[in-house]
Amino acid sequence: MTRREAALILGVRESAVIDKIKEAHRRVMVANHPDAGGSHYLASKINEAKELMMGKTKVGASIF
Amino acid sequence: MAGKIIANLIVMGSAILGKAFIQAYRQALANASKSGVAQETIQNTIRRGSKVMTEQEARQILGVTEETSWEEIMKKYDTLFERNSKNGSFYIQSKVHRAKECLEAVHQGKGEGTPT
């Protein structure tokens, strides 16, 4: 998965801040939760997208 | 007199040179199609253009198995499509739609009734 695809999945910009990503992740996850008729595959993809977006953002924002 | 001859020579020379260039260009084109570089490029373009989803991925996206009936697939699809149009993402919605299209083709190929 590329960063571009991750941003598309979450429906945010590639340069979105952490708060935006978290909010978008929750929103998309609620819509696609496996317990409510969604699929596990999509849920894992959404989580993967969030991890990717968060990971890259964190590295850039690190104080070290 | 001498000037006329020189001019004639120059005109003839350039005509020959031009013909030679055209020949070389044709030859290069033929070589390219023979060597496969051009064909590879064409194939890559085709592959990129028709990047289709596999049946397996389509089933995973909709969360259905081989045994799931068409009605259930449609129900799943409707739910996911509706939810994603309300507060999901457009990308996932389009993925869901593609998955449904893919399964529809498979379903019609088997000839198990008419999908609606």
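Buried residues account for 18% of the 116 residues in chain B of this predicted model. Chain B is built from five helices and has zero strands, so to speak a plain α-α-α-α-α run from the N terminus on. If you look at contacts in chain B between residues at least 6 apart in sequence, 44% of them join residues at least 24 apart.

Now for the nonpolar core. The largest one has 25 residues, and those with the most contacts inside it are A:Leu10, B:Leu62, B:Val96 and B:Ala99. Both chains feed into this core, with each of the helices below supplying at least two residues.

| Chain | Helix | Residues |
|---|---|---|
| A | H1 | 3–10 |
| A | H2 | 18–31 |
| A | H3 | 40–61 |
| B | H3 | 55–62 |
| B | H4 | 70–87 |
| B | H5 | 90–110 |

H5(B) gives the largest share of this core, five residues. What is B:Ala99 in contact with, leaving aside its neighbours within four places in sequence? The partners are B:Met53, B:Ala58, B:Ile61 and B:Leu62. One of these, B:Leu62, is also on the list of residues with the most contacts inside the core.

Then there's the place where the two chains meet. Chain A puts 14 residues into the contact, and chain B puts in 16 residues. On the side of chain A that touches chain B, the elements giving two or more residues are H1, H2 and H3 of chain A. That side of chain A divides into seven nonpolar residues, six polar and one charged. H1, H2 and H3 of chain A also each supply at least two residues of the largest nonpolar core.

How values were computed: Residues numbered from 1 in each chain as written. Chains lettered and ligands numbered in written order. Predicted model: local features only at pLDDT ≥ 70, side-chain atom pairs only at ≥ 80, totals over all residues. Core = buried A, V, L, I, M, F, W, Y, C linked by C-beta atoms within 7 Å. Buried ≥ 20, exposed ≤ 12 C-beta atoms within 10 Å, placed from the backbone. Helix = DSSP H or I, 4+ residues; strand = E, 2+ residues; numbered from the N terminus. Contact = placed C-beta atoms within 7 Å. Nonpolar A, V, L, I, M, F, W, Y, C, P; charged D, E, K, R; others polar.
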